[in-house]
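Please read the following walk through a protein chain with the structure open beside the text. The account begins with a sheet and the helix that packs on it, and then turns to single residues and to ring pairs.

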Amino acid sequence: MTLCHILREDPDLAEAVPAVLRPRATEQCVARTVQVRTGRWSGVGEDVIGTGIGLLVLDGRLLRRVGVEGRFGAELLGEGDLLRPWQGEDASPTLARTTGWRVLEPTRLALLDDAVARRFAEYPELTGRLVARALERARHLAVSMAIIHQARVNIRLHMMLWHLADRWGRVRSEGVFLPLTLTHSLLADIVAARRPTVTSALTELARQDLVRPFPGGWLLLGEPPGELLAVQEVGVAEG
């Protein structure tokens, strides 16, 4: 494991600290890091973090899958997200479920353990910013839940790709590039559909010139679907 200066790695987090205190906070807030390879990941145990905050994603992307009776849903996570993979895993759920993590890109995590929590305690603004991110993650999940209730999978998939583009999309002359190498199977988990159905839906979206495969991801053409804008507005109002 190596050490990193968290606030140098995460400028948004640094901006939460008043400017006059920021240089000192930047030097003090260091943490151990761990590098995770692509593929299945068993997570980091609570014994590593202790009573600390959790794992902060510095770079990379992960997918958390949850299944009930053979049907899966998934959440995509990346830079700036806070994880606690062990939380809730020891509980006895009413419904039998399976959970798992998959690393989609090489990922680097900062271990916000007991020592880091004590350093953060000197700058309450950092805790506030992390709580805000947790609430934002909950809002994104609520929007995703609303999206997967759309009856037609092609509309569901179109909305979800634009929803992901809100965070990771890059504007290009041709459209909005979503730099996520998501297979049809992973997309099926994200939109709660079957893989063959997702393949057919992507074919239909390409025929309508709305979504195209692109090297390293997907190209979204035209404007975001109106249904998504309505769902997001409701999510903001209720958040």
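In this predicted model, four strands form an open sheet in the order E10-E11-E13-E12, and their pairing is antiparallel. The edges are taken by strand E10 (170-171) and strand E12 (211-214), each of which has a single partner strand, so that one side of each is left without a neighbour in the sheet. The partner of E12 is strand E13 (residues 217-220), and the two pair in the antiparallel sense over four bridges; within this pairing, Arg 212 stands opposite Leu 219 in E13.

Helix H7 (residues 153-168) packs on this sheet, where it touches E10, strand E11 (176-178), E12 and E13, and the direction of the helix makes about 90 degrees with that of E11. The length of H7 can be checked against expectation, because at 1.5 Å a residue its 16 residues should span 22 Å, and the end C-alpha atoms are indeed 22 Å apart, which agrees. Of the 16 residues of H7, 13 are buried, so the helix is largely enclosed by the rest of the structure.

The sheet also holds one of the aromatic pairs, of which the count in this model comes to two. A pair of aromatic rings is described by the distance of the centres and the angle of the planes. The rings of Trp 41 and Trp 101 have centres 5.8 Å apart and planes at 80 degrees, and because an angle over 60 degrees counts as edge-to-face, the pair is assigned to that class. Trp 41 lies in strand E3 (residues 39-41) and Trp 101 in strand E8 (residues 98-103), so this pair ties together parts that are 60 residues apart in sequence. Both Trp 41 and Trp 101 are buried. For Phe 177 and Phe 214, the ring centres are 5.4 Å apart and the planes stand at 55 degrees, so the pair is tilted. Since Phe 177 lies in strand E11 and Phe 214 in strand E12, this pair ties together parts that are 37 residues apart in sequence. Phe 177 is buried, with a relative accessible area of 9%, whereas Phe 214, at 23%, is partly exposed.

The two tryptophans also appear in the surroundings of Leu 62, a residue that belongs to strand E5 (residues 62-68). Leu 62 has 0% relative accessibility and therefore counts as buried. Leaving aside neighbours within four places in sequence, Leu 62 is in contact with a set of residues that includes Trp 41, Val 57, Leu 77, Leu 83, Trp 101 and Val 103. The C-alpha atoms of Leu 62 and Glu 105 are separated by 7.1 Å, although the two residues are 43 residues apart along the chain.

Another buried position is Thr 26, with a relative accessible area of 11%, and its place is in helix H3 (residues 22-28). The side chain of Thr 26 reaches the backbone oxygen of Arg 22 at 2.8 Å. If residues up to four places away in sequence are not counted, Thr 26 touches His 5, Leu 7 and Arg 8.

Taken as a whole, the chain comes to 10 helices and 13 strands, and buried residues make up 42% of its 239 residues. Among the contacts between residues at least 6 apart in sequence, 74% join residues at least 24 apart.

Terms used. Residues are numbered from 1 along each chain as its sequence is written. This is a predicted model: local features need pLDDT of at least 70, side-chain atom pairs count only at pLDDT 80 or more; totals for chains, interfaces and linings use all residues. Side-chain values use heavy atoms; hydrogens and water are left out. Two strands pair if DSSP finds at least two bridges between them. Contact means heavy atoms within 4.5 Å. Axes are lines fitted to C-alpha atoms, for helices over the stretch in contact, and angles run from 0 to 180 degrees between N-to-C directions. The expected span of a helix is 1.5 Å times one less than its number of residues. Buried means under 20% relative accessible area, exposed over 50%, partly exposed in between (1.4 Å probe, protein chains only). A polar contact is a pair of N or O atoms within 3.5 Å; within protein, one must be able to donate a hydrogen and the other to accept it, and residues adjacent in sequence count only if both atoms are side-chain atoms. Rings of Phe, Tyr and Trp (its six-membered ring) pair if their centres lie within 6.5 Å; planes under 30 degrees apart count as stacked, over 60 as edge-to-face and the rest as tilted.
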